[in-house]
Amino acid sequence: MTAEVAASEVDGAATEQVPTEAVGPLIRGIAVLKALADAGGQEDLQELANRTSLARATLDRITVTLGAMGYVHIEGRRAVLAPPLMELGNAYLTAARIPELLGPRADALAEELDEGVTLTVPDRHGAHFVHSAERDRRMGIVCSIGDRLPLDASAPGALLAATWSPAEWEHHRAHHPCVRGAKLIEACTDDLRERATAAKANGWSLDDQWLEPGLIALGHPVHAPDGDLVCVVNVVSLIGRYPSAEALARAALPAVRSAVADMEQQLRTPPPEPPAAAVRPLLDTEVSKPGRGIIESLVRGLSVLTAFGPGRDALRNAEIARLTGLPRATVRRALITLDHLGYVTGQDGLYRPNAAILSLGYAPLSRLSLAQLAQPHLTALSHRLSDSASMTVLSGSEILYVARAAPARLMTVHATVGTRLPAYATAMGRVLLAGLPRNECAAILASSAPTSLTAQTVTDLNELIRLVAQADDDGYALLDGELEVGLRSMAVPVRSRDGKVRAAINVAMHSSRRSVTECLEEVLPALHAAAAGIERDLGPVSSTKT
């Protein structure tokens, strides 16, 4: 497959002349990630080969490489995007600082107006959500970070188009994926030009049911101190709450203008000091040894994107080379490729990441629940130990099962997603209680009114408090026969990036299968490994939750 054909799958950049020094494997690898993202995060491998026009052997090498990076995993005949891929989008988000600096003011605006408020950042063909403050209603906008609005059917699109040069208008007319279909590109472009003219004159724009029937929105630009468009703040509502988009504008504009003024002042906040440490390598040396089928130019090209981050919103070639440990020539070719595809912008030797990076799977991955993140790890854990493995969260004084995997054996522990059990009598419950402040833990245990479920059940409040504290110190809990005679369970916590206990996972078995010593030697290391894997995946996803 030529670089030109592969690039045609990447935001339409491809119909332009591909630079001679562009990295073909990087273009093809990005095309695969983009196709997976457009398919909702997973796709049949043969269909993926068809969608990208790649030979199956080439696709297999790309998925092997992306799999070694942790960005994709293969489930049977399907390729599935994996949460570590979100580090690319997080590099952009933390470098741009828009959610960090402007998100709290957007939340306050949503509270003031009692309407949904979003922040969107434009790229070549759309505007990506980078923050969303939703209202608790049965009907309203539901979006994920990274979702993209089309330019020709949204309020942010008109505001971006109002800044275009004649050459940019011509590029849009020639290459944009029209939401109305290819035959209406001319009419669509003319409509956008009319709306852009109005947006430039007014200083704001409207979506009057362009995107969906009944959906209306007001968009207002937010500018950087140098006057560049940084993002658009959008107030989103429905026909019925307001008779028209114009009515929404009349009601919301004063509050929006005040919020935008605050946001533009906030953008003057000096950036943080960048971390001194270099970026971690995307592959360890063992995995990347020759003969493993790894496409090193793809790995190196994507690692360039991870160089951006807090305090590193604009970098030179030499800085990226130092941070990634890559040769300058390698970095230069990767930047040429990424600039061509629209993922970075270079000016006067400085390169900045663009919102288009979010199109590489960020939206479908940001929608994953904790249970969905945990399931592959629980399945692997259950397969490794031939025992049931589960995840629970604390719900009042009970634990609630949210994910589970069990082997195909005649005798196994019976529990299903949705099962509730008393926290005081379970290993997972004690691990979860250990993550709470001591006074809160004691209050929950007291309210449980512990009763004996077996002869082994601990019911004394002081002893339960001591056992919970011991679980906190040990980092695990092991229970024998307290919930049910013969049932032995060992559990460890799953923590979010801030160190808080989000969930617990366990392995449960009949006590005859393993002694306590064998549990400590065999089960505990496997539990810790599974928890660490879930925490690695949870890290990038939890950073999108506000």
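**Close-up views of a predicted model**

**View 1. The hairpin of S7 and S8.** In this predicted model, Ser205 has Gly219 of strand S8 as its bridge partner. The two strands concerned are S7, made of residues 205-208, and S8, made of residues 215-223, and they pair in the antiparallel sense over four bridges. Six residues lie between the strands of this hairpin, in which Gln209 takes a positive phi near 65°.

**View 2. The sheet of three strands, S1-S3-S2.** Strands S1, S3 and S2 form an open sheet in that order, and their pairing is antiparallel. Strand S1 (42-44) and strand S2 (72-75) stand at the edges with a single partner strand each, so one side of each is left without a neighbour in the sheet. From one strand to the next, the twist averages 25°. The pairing of S2 with strand S3, which covers residues 78-81, runs in the antiparallel sense over four bridges, and here His73 stands opposite Val80 in S3. Helix H2 (residues 24-38) packs on this sheet, where it touches S1, S2 and S3, and the direction of the helix makes about 90° with that of S3. Helix H3 (residues 45-52) also packs on the sheet and touches S1, S2 and S3, with a direction that makes about 95° with that of S1.

**View 3. The sheet of six strands.** This open sheet has the strand order S14-S13-S12-S17-S16-S15, and the pairing is antiparallel. Its edge strands are S14 (420-422) and S15 (477-480), each of which pairs on one side only. Neighbouring strands of the sheet are turned against each other by 30° on average, with direction ignored. Within the sheet, strand S12 (residues 388-395) pairs with strand S13 (residues 398-405) in the antiparallel sense, over seven bridges, and Ser390 stands opposite Arg404 in S13.

**View 4. Two helices on the sheet of six strands.** Returning to the pair formed by S12 and S13, which is joined in the antiparallel sense over seven bridges, this view adds the helices that pack on the sheet. Helix H15, residues 370-385, touches S12, S13 and strand S17 (501-510), and its direction makes about 65° with that of S13. Helix H16, residues 427-434, packs on the sheet as well, where it touches S12, S13, S15, strand S16 (487-495) and S17, and its direction makes about 160° with that of S17.

**View 5. The contact between domain 1 and domain 2.** The protein is divided into domain 1 (24-89 + 276-365), domain 2 (98-268) and domain 3 (369-538). Taken over C-alpha atoms, the centres of domain 1 and domain 2 are separated by 29 Å, and the contact takes 11 residues from domain 1 and 12 residues from domain 2. About 700 Å² is buried between domain 1 and domain 2, and carbon and sulfur atoms give 64% of that area. On the side of domain 1, Ala355, Leu358 and Ala363 supply 54% of the area that this domain buries against domain 2, more than any other three residues. Zero salt bridges are found by the rule across the interface of domain 1 and domain 2.

**View 6. The annotated span 295-355 and the surroundings of Ile336.** An unreviewed UniProt entry carries the annotation "domain: HTH iclR-type" for residues 295-355. In the model, the end C-alpha atoms of residues 295-355 lie 26 Å apart, and the span is 52% helix and 13% strand. Turning to a single residue, Ile336 lies in helix H13, which covers residues 328-341. Ile336 and Thr20 are 316 residues apart in sequence, while their C-alpha atoms are 9.4 Å apart in space. When residues up to four places away in sequence are not counted, Ile336 touches Pro19 and Glu21.

Note on methods
Residues are numbered from 1 along each chain as its sequence is written. This is a predicted model: local features need pLDDT of at least 70, side-chain atom pairs count only at pLDDT 80 or more; totals for chains, interfaces and linings use all residues. Side-chain values use heavy atoms; hydrogens and water are left out. Two strands pair if DSSP finds at least two bridges between them. Axes are lines fitted to C-alpha atoms, for helices over the stretch in contact, and angles run from 0 to 180 degrees between N-to-C directions. Contact means heavy atoms within 4.5 Å. UniProt positions are given in the numbering used here, feature names are shortened, and annotations may be inferred rather than shown by experiment. Domain bounds come from an automatic or database domain assignment. Buried area is the accessible area (1.4 Å probe) that two parts lose on being put together, summed over both. A salt bridge is a side-chain nitrogen of Lys or Arg within 4 Å of a carboxyl oxygen of Asp or Glu.
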